[in-house]
Amino acid sequence: MTEPAVTTPRRRLPKSERRAQLLEVAREFIREAGTDELTLGRLAERAGVTKPLVYDHFGDRAGVLAELYREFEARQRQALAAALDEADPQLAAVAGLVAGAYIDCCLAEGRELVDVVAALAGSTGLSELRQEAEEEYLAMCREALEPFTGPLDAAVLQAIIGAGDSLVRGALEDKVSPDRARRVLTRVILAVTDHDPAAAVR
């Protein structure tokens, strides 16, 4: 007589743990297939849960992307805060830490971050989310740099982010090494804050 197949019941996770699991699965999916292929149905299938459960957590696909981006921005701010805790009270040192934290955190997220950011640009609501998160990060940069530079306007801070994003893309495509990206961004920060970029490591 054939024994009946034994099925292992899916373990019920606390809501916060389930949410974290779904976001990790979403990151893996985007890493493999890109954001265009991500749907809540595919996320549910990959995670081994029901589609209504995924809807309950995120509402829709845009909700998944928004949460992925919020997580990234939180980690980025934490990385910058941790780096600045160890900063020497010199502009070149602070600029190097700001540059290194930005490059390293973006690279740690990998290609999936680039895809999520691109997807954010296609939605007004998600674009506003990115703008708000970017302003929080730039406020931290301003607070770190202005004791050495004096007041910095928005254009200067946007130039730092623009250069950082470009260098991250180059590093992800193996066009520039991470170390070179950090050093160049440091020089950019010193240049746009009207200080001699020769103070940075060449």
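How many salt bridges does a search of the whole structure find? The search finds 17 salt bridges in this predicted model. The legends below describe close-up views of selected pairs, one helix, the nonpolar core and the cavity.

**View 1. Salt bridge between E32 and R46.** The side chains of these two residues meet at 3.2 Å, N to O. E32 belongs to helix α1 (residues 15–33) and R46 to helix α2 (residues 40–47), so the pair ties together parts that are 14 residues apart in sequence. E32 counts as exposed, because its relative accessibility is 57%, which exceeds the 50% cut-off. R46, with a relative accessible area of 38%, is partly exposed.

**View 2. Salt bridge between E136 and R77.** Here the N to O distance is 3.8 Å. Since E136 lies in helix α7 (residues 124–149) and R77 in helix α4 (residues 61–85), the pair ties together parts that are 59 residues apart in sequence. Both partners are classed as partly exposed: E136 has a relative accessible area of 43%, and R77 has one of 22%.

**View 3. Salt bridge between R182 and D179 within helix α9.** The side chains of R182 and D179 meet at 3.8 Å, N to O. The two residues are 3 apart in helix α9 (residues 178–192), a separation of about one helical turn. An α-helix has 3.6 residues a turn, so residues three or four places apart point the same way. R182 is partly exposed at 27% relative accessible area, and D179 is partly exposed at 40%.

**View 4. Network of salt bridges.** E24, R27, E71, R75 and E109 are linked in this network. Side chains of opposite charge can pair when their charged atoms come close. Of the network members, E109 is also listed among the buried residues of α5.

**View 5. Helix α5 and its packing partners.** Helix α5 comprises 19 residues (residues 91–109), which at 1.5 Å a residue should span 27 Å; the end C-alpha atoms are 27 Å apart, in agreement with that expectation. Its buried residues include L91, V94, V98, Y102, I103, C105 and C106. The buried residues of the helix pack against α4, α6 (111–120), α7, α8 (154–172) and α9. After α5 comes G110, with a positive phi near 80 degrees.

**View 6. Largest nonpolar core.** This core has 56 residues, of which L43, V54, V64, Y69, L185 and I189 touch the most other members. Helix α5 gives the most to the core, with 10 residues. In soluble globular proteins, nonpolar side chains tend to be buried together. Leaving aside neighbours within four places in sequence, Y69 is in contact with V116, V117, L120, L129, R130 and A133.

**View 7. Largest cavity and its lining.** The structure holds 1 cavity of 30 Å³ or more, and about 70 Å³ of space lies in the largest cavity. The lining consists of R27, L68, Y69, F72, R75, E109, E112, L113 and V116. Helices α4 and α6 each supply at least two residues of this lining, and α4 gives the most, with 4 residues. R27, R75 and E109 of the lining also belong to the salt-bridge network of View 4. Y69, another lining residue, is in contact with V116, which lines the cavity as well.

Methods
Residues numbered from 1 in each chain as written. Heavy atoms only, no water. Buried < 20%, exposed > 50% of the residue type's maximum accessible area, 1.4 Å probe, protein only. Expected span 1.5 Å × (residues − 1). Contact = heavy atoms within 4.5 Å. Core = buried A, V, L, I, M, F, W, Y, C linked by side-chain atoms within 4.5 Å. 1 Å grid on protein atoms, 1.4 Å probe; cavity = no way out; pocket = protein on both sides within 12 Å on 5 of 7 lines; lining within 4 Å. Points joined across faces, edges and corners; volume = space filled by probe spheres on them.
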